[in-house]
Amino acid sequence: MGNDTRGRSSGPAWETLEVWVREGVREMIQATLEEELTELLGRGKSERRAAVDAPPGYRNGYGKPRRLAMSSGTIEVRRPRVRGLEERFESRVLPLFARRTREVGDLIPELYLHGLAGGDFELALRGLLGDGAPLSKTSVGRLRVKWTAEHEAWRRRPLGDRKVVYAWADGIYVKAGLERDKAALLVVIGAMSDGTKEVLAVVPGYRESTESWASVLRDLKSRGLGTPKLLVADGNLGIWGAAREVWPEAAEQRCWNHKTANVLDRLPKREQAEAKTLLRAVAYAPSRAEAVEARDAFGARYGAAQPDAVSVLEDDWDRMTAFHDFPEPHWRHLRTTNIVESPFASVRLRTTAAKRFKRVDNATALIWRLLLVAEKRFRKLNAPQLLGDVYEGKRFEDGKPVPEGRPRIAA
């Protein structure tokens, strides 16, 4: 077999693969535009009219180049022009190719929340999208206005078709430049009976007050959302007061991450590593009875020297162990409010990340957009087939189904 290398130069090398793909996409779109005009005129380029009654019109070069930004770079296409028609030729194909693909649009709010100023977008994205990408401070400003309008429409969408099983609520604090007081963005995420998770509310409120949270929950209820079987939140009194008013039938689970942090704050640093291990044994006990044993072991270890830490652990105990009344495969999702906090793990929203925002409504729209981007990556709950049982009201104890007719064991 010879050393025939013919054709190799036409294929892409690894380092030029993206360039090769972009050129292929550009050629495909350009060829589609040319074919569209050929179909309209009934003849190809440089061909004469075949008959007197053939469609009128002549090719007349090209319009200004149009740039299309994709996540792999920017391509440039030319829209064919035509003269001699009664109406202006409008491509049916080109509008289908957005100036920014969905991936690029999703990237903008993430970069903004990570600290990139509006005026820096074109420079920052030049390496990704290529020179001349259709992004600028003005276009980003227009996107922000668009997101604000979309967020307002999203807040009014009906929710009557959702079968919500669990809900997580948390407040994300934002320091907006022109606002005197810190605003809390009140975020609610729900798990549906098919295992999917959905962002249900992103609403600015005043310091997570009971009235602010009640307004959010009442709005969800007015748009048709049912009461979840379990609400997971931190120790903020506002959410629990609102839940008792609007969702009185919902069971209540406090976040173990917040509880652990509160307990450790009462201990000297030298004690915290050991204490954290003991607290983990409480949170991850396989039954309520074993959780009580682990809690008492913590009390025996620290009760004499650090009674405040033990008191904090024992406080609100029923809310700390409510997850035991639900399927064991779901416990990992129900112990904490991580489902709300995870999308913001790399962004210090609770402290300084939103200082660049001039108004809270702008911050809200951008953070809402970021949450919708994150929502696409939300994984289903473990054992989603059990969510239907929970939704239908079937009982569980220590994570196991309770046979019908058997009385509930007291905690």
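Let us begin with Thr364, which, leaving aside its neighbours within four places in sequence, is in contact with His151, Leu185, Val202 and Pro204; contact here means heavy atoms within 4.5 Å. Thr364 belongs to helix H14, residues 360-375. Helices (H or I, at least four residues) and strands (E, at least two) are DSSP runs, numbered from the N terminus. Because its relative accessibility is 2%, Thr364 counts as buried. The term buried stands for under 20% relative accessible area, exposed for over 50%, and partly exposed for what lies in between, with a 1.4 Å probe and protein chains only.

I should state the basis at once. This is a predicted model, in which local features need pLDDT of at least 70 and side-chain atom pairs count only at pLDDT 80 or more, while totals for chains, interfaces and linings use all residues. Residues are numbered from 1 along each chain as its sequence is written, and side-chain values use heavy atoms, with hydrogens and water left out.

As for the chain as a whole, it has 15 helices and nine strands. Of its 411 residues, 45% count as buried. Among contacts with a separation of 6 or more, 67% come from residues 24 or more positions apart.

I turn next to Ala309, in helix H10, residues 307-314. Ala309 has 0% relative accessibility and therefore counts as buried. Apart from neighbours within four places in sequence, Ala309 is in contact with Val263, Arg266, Leu267 and Phe298. Between Ala309 and Leu264 the C-alpha to C-alpha distance is 7.1 Å, at 45 residues apart in sequence.

Now to Arg223 and the strand that follows. Where does Arg223 lie? It is placed in the loop between helix H5 (210-222) and strand S6 (230-233). Arg223 counts as buried because its relative accessibility is 13%. Not counting residues up to four places away in sequence, Arg223 touches Trp154, Arg155, Arg156, Arg157, Pro158, Leu159, Gly160 and Leu200. With Arg155 there is also a polar contact: a polar atom of the Arg223 side chain lies 3.0 Å from the backbone oxygen of Arg155. By polar contact I mean a pair of N or O atoms within 3.5 Å; within protein, one must be able to donate a hydrogen and the other to accept it, and residues adjacent in sequence count only if both atoms are side-chain atoms.

Strand S6 itself is covered on both faces, with Leu230 and Val232 on one side, Leu231 and Ala233 on the other, and all of them buried. S6 pairs with strand S7, residues 251-254, in the parallel sense over four bridges; two strands pair if DSSP finds at least two bridges between them. Val232 has Gln253 as its bridge partner in S7, and Ala233 stands opposite Arg254 of that strand.

Together with helix H6, residues 237-246, the strands S6 and S7 make a right-handed β-α-β unit. Right-handed signifies that, with the strands pointing away from the viewer, the path from the first strand over the helix to the second runs clockwise. H6 is largely enclosed by the rest of the structure, because seven of its ten residues are buried. These are Gly238, Ile239, Trp240, Gly241, Ala242, Ala243 and Val246. At the N-terminal end of H6, Asn236 acts as the cap, with a side-chain oxygen 2.7 Å from the backbone nitrogen of Gly238.

The last topic is the aromatic rings. Rings of Phe, Tyr and Trp (its six-membered ring) pair if their centres lie within 6.5 Å; planes under 30 degrees apart count as stacked, over 60 as edge-to-face and the rest as tilted. By this rule there are five aromatic pairs. One of them joins Tyr166 and Phe326 in an edge-to-face arrangement, 5.7 Å centre to centre with 80 degrees between the planes. This pair links distant parts of the chain, 160 residues apart: Tyr166 is in strand S3 (residues 164-174), and Phe326 is in the loop between helix H11 (317-320) and helix H12 (331-334). Both Tyr166 and Phe326 are buried.

Phe323 and Trp331 also form an edge-to-face pair, at 5.2 Å centre to centre and 80 degrees between the planes. Phe323 counts as buried because its relative accessibility is 1%, and Trp331 because its value is 2%. Ring pairs further link Tyr166, Trp168 and Phe326 into a cluster.

Finally, two arginines sit over rings, a term that requires NZ of Lys or CZ of Arg within 6 Å of the ring centre and within 35 degrees of the ring normal. The charged end of Arg295 is over the ring of Trp317, 4.6 Å from its centre. Arg301 lies over the face of Tyr302, 4.5 Å from the ring centre.
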